[in-house]
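Hi,

Here is the structure I promised to pass on to you. Have a look at it first, and then read on for what turned up.

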Amino acid sequence: MVDVRIAVVGTGANGASIAADLVRAGLDVTLIEQWPEHVSAMREHGLRVELPDKEIVTPVRAVNLCEVATLREPFDIVFLLVKAYDTRWACELVKPLLAPDGLLVGVQNGMTVEAIADIVGVERTLGSVIEVGSAMYRPGVVERHTPHALSWFAVGGLVPEVTDRAGPAAAALRNAGTVEVVEDIVAAKWMKLIVNAGELVPSAILGLPLYEASRVPGMRDFMLRASLEALSAAESLGVRPTPIFGRPIPDTADLGEYVQTLTDLVVETFALPHSKTTVLQDWGKGRRSEVAEINGLVVETLAATGKAGKTAPANSITLELAHRIETGLLAPDAGNAERLLNA
């Protein structure tokens, strides 16, 4: 790994935290970021990661988006941590700098692995599932809510020969948490989307941290409904459920129970009680969310496949209310629970 050149494209809360872990491990890492004030802060003061039990400041090499065209040496591994809706342009941006035998790893929510492969080729594409809770409200400062011992990743290619080459990328990510190399990355990413569909946006619509939102009467059941609709969407595409977060699927387990287990695991273990989802953080910054790439995908998939008349009412109302919030017609508020539950 000494001679491997790594780029992290998108150094928001998760990207910056992971990049700092890689730098402290002695790896050659370049951070590529679109927020100018964040780049300036990292250059001047280093990257500060605030964990529940300690604070770590790491000197890093940070590059503005507008400076990417000045870079010359190719990267062997590029970790992509931009929003799902920014995937295509970010891949095009870094494609000229990806080594011919390099790998671009989409460490993202949403089903982005096929989009990455469209741009850099299946032979240079790895998908990844990430479970790390963090937040960023100030340039140069990350609040990492999930300690390294609980942080979890899966990586894999769309074809076996690429999965076989995942070793160096997995080894790098192991500096940030537990990593599993999986045979079916599409299935693993769908399993994460199933959990996200029930948690990320519904809790944000209430304007509450995930833990608090899950305690609102009726919301736990609503979250499970949204997740089970996402499970139906995955199954309609022929996706075979696969274990994630290091939790095996018992042979006798009802898949609904397994999905609830995963949901509870995120709420009770991976996040702090005050942790806001990425969606609520985005809305607080005036940014749009990934609702179209998560809940919207569930609605679109079930409508397109028409599996046994399956519909997605929980995801549909989530999508509708999120769009109203993002257009300024509605505010994130606990009173929105009635709108969700009565749909």
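Let me start with one residue: in which loop is Thr146 found? Thr146 sits between β10 (141–144) and β11 (152–157). Please keep in mind as you read that this is a predicted model.

Although Thr146 belongs to a loop, its relative accessible area is 0%, so the residue counts as buried, the cut-off being under 20%. Leaving aside residues up to four places away in sequence, Thr146 touches Val132, Gly133, Ser151 and Phe270. With Gly133 there is a polar link too: the side chain of Thr146 reaches the backbone nitrogen of Gly133 at 2.7 Å.

Now to the whole protein. You will find 14 helices and twelve strands in it. The radius of gyration is 19 Å, close to the 20 Å that the globule rule gives for 343 residues, so the protein is as compact as a globular protein of that length. Along the principal axes, the C-alpha atoms fill a box of roughly 55 × 40 × 35 Å.

As for the interior, 57% of the 343 residues count as buried. Among contacts with a separation of 6 or more, 72% are between residues 24 or more positions apart.

On the outside, the protein exposes about 13,900 Å², and carbon and sulfur atoms supply 53% of that area. There are 30 positive and 43 negative charges, and the mean positions of the two sets are 3 Å apart.

Two more loop residues may interest you.

Phe245 lies in the loop between α9 (219–236) and α10 (255–270). What is the sign of phi at Phe245? Phi is positive there, at about 60°, although Phe245 is not a glycine. Most residues other than glycine have a negative phi. Phe245 is also buried, with a relative accessible area of 2%.

Lys54 is in the loop between β3 (47–50) and β4 (55–58). Is Lys54 buried, partly exposed or exposed? The relative accessibility of Lys54 is 47%, so this residue counts as partly exposed, since exposed would need over 50%. If you want a pair to orient yourself by, take Lys54 and Pro313: their C-alpha atoms are 43 Å apart in space, and the two residues are 259 residues apart in sequence.

When you open the model, you could begin at Thr146 and its contact with the backbone nitrogen of Gly133, and then turn to Phe245 with its positive phi.

Best wishes

Technical notes
Residues are numbered from 1 along each chain as its sequence is written. This is a predicted model: local features need pLDDT of at least 70, side-chain atom pairs count only at pLDDT 80 or more; totals for chains, interfaces and linings use all residues. Side-chain values use heavy atoms; hydrogens and water are left out. Helices (H or I, at least four residues) and strands (E, at least two) are DSSP runs, numbered from the N terminus. The radius of gyration is taken over C-alpha atoms; the globule rule is 2.2 Å times the number of residues to the power 0.38. Buried means under 20% relative accessible area, exposed over 50%, partly exposed in between (1.4 Å probe, protein chains only). Contact means heavy atoms within 4.5 Å. Accessible areas come from the Shrake-Rupley method with a 1.4 Å probe; for residues, only the protein chains shown count as cover. Lys and Arg count as positive and Asp and Glu as negative; His and the chain ends are not counted. The place of a charge is taken as NZ of Lys, CZ of Arg, CG of Asp or CD of Glu. A polar contact is a pair of N or O atoms within 3.5 Å; within protein, one must be able to donate a hydrogen and the other to accept it, and residues adjacent in sequence count only if both atoms are side-chain atoms.
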